[in-house]
Amino acid sequence: MARIRFLILAAALIGCHASEQHADPSPEPRDDYGTRLAFGVAPKRIVSLNPTTTEILFAIGAGDRLVGRSQYDTFPDSAKLVPSLGPALRPSVEAIIDAKPDLVILYASEDNRPAFDRLRQAGVPTVAFKLDSIEQFRRDTRLLGRLTGDSVRALLVVDSVSATLERVRLATVTLERPTVFIPTWNKPIIAIGGGSFMSELLEIAGAKNVYASVPTPSLAVTIEDVVARNPDIVLVGPQTDSTIRTSPIWRTIPAVRDNRVKVVDLDLVSRPSVTLGAAAVSLANLLHPGIFR
Amino acid sequence: MTASRWLLLVLSLVVAAILAIAIGTINVPISAIGDALRGDQSTPALVVRSLRIPRVILATLVGAGLGMSGAALQGTMRNPLAEPYLLGVSGGAAVGAVLATVVGLSFAFVPIAAFLGAIVAVIAAFFVARVAGSRGDARVLLMAGVVVGAFANAAIMVLLANAEPNVVRNALWWMMGSVADATWPQIEVLFGYVVVGGTALALLGRRVDVLALGEDAAAGLGLDVDRSIRDVFILSSLVAAATVAAAGLIGFVGLVVPHIARGFGARRHRTLIVASGIIGATLVVMADLLGRVLRPPAELPLGAVTALVGVPFFLAKLRHLR
C-alpha cells in the first residue's frame, strides 16, 4: 500500500516537474490562496512568517536576504539574527510594511487571508503556502527556489531530502510496523491525524499512525479512544514524557504502563522542512533500534 | 416533597452514575467494575477505576455544588436569575485561570489560580455593594456581581488578545469545563467543600425561607438580614469556586437546577437546596456521559452539554413555575 502510494506520489511529482520544464502555457503556478506567482526579478528583501519556509529559504541560499521572520522561526540558528516581526498567524501588517520587503511569504491558513489581502493592496508582493505535507514541501521548495532565483539549490535540497526519505522507506519496508500514537497536546488530548506529514513520516520510518485514517492533520480524542486503539508505541516530546508516565489517567493506555513511550526530538520532527530526511532517520532509529548507525 | 419523589431523584442519580461508569468508547464487561474495585490491573479495570469512576464522582460533586449554591442564592436574592456565576464567581475564576495560563504556570496551578480569582471577584462584588451603601441589599449585591463579571470578561479578552494560540486553546478548553482529568486528590478537596458547604447551606435553609419573604418582612421577623445574606453569599461562592477550580466553567446548572427542583415540588429552601444538589449531580453526570459518547473520538465540552441536556428538563418543568 505504502509502495503504491509512493509510486503515485512519484508519478505526480514527475508530471509536475515536466510541466514546469516544458513551460506549459496553461496552468501557471499558483500559491495556496490561488494567487498567480510572478517569477522575474529576484527579491532582495524577503519577509517569511513561517518556521518551515524560513528554514527552507536558508537551505536554498536565500537566508541572507531575509529582513523579517516570525517569533517562532528559530531554525536554523542563523534565523535568530533576522529581526522578529511577531506572530506568524494574523501578523502585524504595519510591522511587515515597515521592513520594506519586496517579497512576503505567509502561511496559507484562513486567518492569514486579511493580512495577505491588505499587503497586496499596499503593493507588497505577497505569497502564501500551506506547507503541511511532504508533497507540499517538495512543491513549495521548488516554487520558493523559482521565486527567489535559487532554483538549482532548491532542486538539490528537494532531491537530497527525497533520496534520504526513500532510503529510510526501503530500509523499513520489510519490517513489522508498530502502531503509533502521537499526542501533541494534553488538554484536550490532540492526536496527529493522517493529514499530517508526521503520519507520512511514520509510514516511511516503518510504522503506522493509529489515527492514519483521519484526514485532518490533527484531531481531539478521548483517552478511552486511545486505549481502544491500543497503540504499540506512544511518541512524545521530552516534556510530555514525564507527565504521562506518572499520570493515572495516561497509565490506562497499555503502552504507557508497559514502558513503550519513546521520546522524539521535537526540533527535528516538528516541521515538514529540510529536516524531513533527518527526521525520518531519527524516527526509524527510534521505532526500529539499530537500523541506522 | 413526598418520599416517593425523593426516591425518584436519588434513583435517577444512581442510575445515571451506573450508566456513566458502564458506558464509554471501550466496552467493559460488567465484571470489570468488580475487578476495578478489587484493584485489578487489567486494562478494562483500569479504565473503570482511573478514568470513569473518578470523573463520575467529580461530576456528581460539581453538579451538587452548583445546584445547591444556585438554590440558596435564588432564594436569598429573591431573583430567579441569581446563581453563583452571576455574582462574579465564574468571571473571577476565569481571570485567575487565564492569567495562570498566560504567564505560563503549569497546569497544576490553574485550579488554585481559578479559586483565588473567584474569591477575589466575590470580595470585590461585596466591596462594590458596600461602597454603593447597602451591602445587605440583595439587588445591589447582584448588580455588583454583574459589574465585576463584566470587568472580568474585559480582562480575559485583554489577556487572550495577544496570547499564543496554544495559550488560547488551553484557556478556551478550561472555560468550556471538563471532568475528563478527574483525579482523586482533586475529588477529596471538592468533597470537603461540597459536603461541608452544602450542609451549611441546607442548615441556613430556614433563614433563606424568611429572607425570601422580603428583607423588610425578614427584619420584622427578627432576622439579621445583613448577616444572613452575607453567610449565604460567602458559602455559595466558596462551594461554586471550588467546583470551578476542579472542573472549569460549567454553566446553566446553578441557574436552572433550582427551577427543576421546584418543578418536583420542593418549596421550603432546606428541601430545595438538597433536591437541587441531587438534580444538579444527575444532570452533570448525564451531560458528561453524553459528551463523551455523542461524537467519538472527540469529547464535547461539558459546559455546553449541561445546557443541551438541561433545557428539555427545564421546558418540561416550566409549566410548574407559573
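**Loops, sheets and an interface in a predicted model**

Trainee: Arg90(A) lies in the loop between β2 and α3 of chain A. How does Arg90(A) count by its C-beta neighbours?

Mentor: Remember that this is a predicted model. Arg90(A) has 15 C-beta neighbours inside 10 Å. Buried needs 20 or more, and exposed needs 12 or fewer. Its 15 neighbours fall in between, so Arg90(A) counts as partly exposed.

Trainee: What is phi of Arg90(A) near?

Mentor: Arg90(A) is a residue other than glycine. Even so, its phi is positive, near 50 degrees.

Trainee: Which residue of chain B has a positive phi of about 50 degrees although it is not a glycine?

Mentor: Look in the loop between α3 and α4 (89–102) of chain B. The residue there has 16 C-beta neighbours inside 10 Å, so it counts as partly exposed. Its phi is positive, at about 50 degrees. The residue is Arg78(B).

Trainee: Back to chain A. Which residue does a cis peptide bond join to Phe75(A)?

Mentor: Omega of that bond is about -10 degrees. The partner is placed in the loop between β2 and α3 (93–98) of chain A. The residue is Pro76(A).

Trainee: In the sheet that holds β1, β2, β3 and β4 of chain A, what is the order of the strands?

Mentor: The sheet is open, and its pairing is parallel. β2 and β4 (126–129) stand at the edges, each with a single partner strand, so one side of each has no neighbour in the sheet. From one strand to the next, the twist averages 20 degrees. The order is β2-β1-β3-β4.

Trainee: β1 (residues 46–49) and β2 (residues 66–69) of chain A are joined by bridges. Which residue in β2(A) stands opposite Ile46(A)?

Mentor: Three bridges join these two strands, and they run parallel. Opposite Ile46(A) is Leu66(A).

Trainee: Which helix joins β1(A) and β2(A) in a right-handed β-α-β unit?

Mentor: The helix covers residues 51–59 of chain A. It lies across β1, β2, β3 and β4 of chain A, at about 135 degrees to β1(A). The helix is α2(A).

Trainee: β3 (residues 103–107) of chain A pairs with β4(A). Which residue in β4(A) is the bridge partner of Leu106(A)?

Mentor: The pair is parallel and spans four bridges. Helix α4 (residues 113–121) of chain A lies across both strands, at about 155 degrees to β4(A). In β4(A), the partner of Leu106(A) is Ala128(A).

Trainee: Now the sheet with β5, β8, β10 and β11 of chain A. Why is one side of β8 and of β11 left without a neighbour in the sheet?

Mentor: The order is β8-β5-β10-β11, and the sheet is open with parallel pairing. β8 (208–209) and β11 (261–263) stand at the edges. One side of each is left without a neighbour because each has a single partner strand.

Trainee: Which residue in β10(A) is the bridge partner of Val180(A)?

Mentor: Two bridges join β5 (residues 179–181) to β10 (residues 233–236), and the strands run parallel. Helix α9 (residues 238–246) of chain A lies across β10 and β11, at about 155 degrees to β11(A). The partner of Val180(A) is Ile233(A).

Trainee: Take chain B. Is Gly177(B) buried or exposed?

Mentor: Gly177(B) is found in the loop between α7 and α8 (184–203) of chain B. Residues it touches include Ala247(B), Ile250(B) and Pro301(B). It has 28 other C-beta atoms within 10 Å, and 20 are enough, so Gly177(B) is buried.

Trainee: Which helix gives the most to the side of chain B that touches chain A?

Mentor: 19 residues of chain B are in contact with 17 residues of chain A. α3 (43–77) and α7 (165–175) of chain B each supply at least two residues of that side. With five residues, the one that gives the most is α3(B).

Trainee: How many residues of that side of chain B are nonpolar?

Mentor: Six of its residues are polar, and three are charged. The nonpolar ones number 10.

Trainee: Where in chain A is the pLDDT below 50?

Mentor: Chain A averages a pLDDT of 87, and 91% of the residues score at least 70. The stretch below 50 has six contacts in the model beyond near neighbours in sequence. Where pLDDT is low, the predicted coordinates should not be read in detail. The stretch is residues 1–26.

Terms used: Residues numbered from 1 in each chain as written. Chains lettered and ligands numbered in written order. Predicted model: local features only at pLDDT ≥ 70, side-chain atom pairs only at ≥ 80, totals over all residues. Contact = placed C-beta atoms within 7 Å. Nonpolar A, V, L, I, M, F, W, Y, C, P; charged D, E, K, R; others polar. Pairing = 2+ DSSP bridges. Right-handed = clockwise from strand over helix to strand, strands pointing away. Axes fitted to C-alpha atoms, helices over the stretch in contact; angles between N-to-C directions. pLDDT = per-residue confidence, 0-100. Lists of a residue's contacts leave out its neighbours within four places in sequence.
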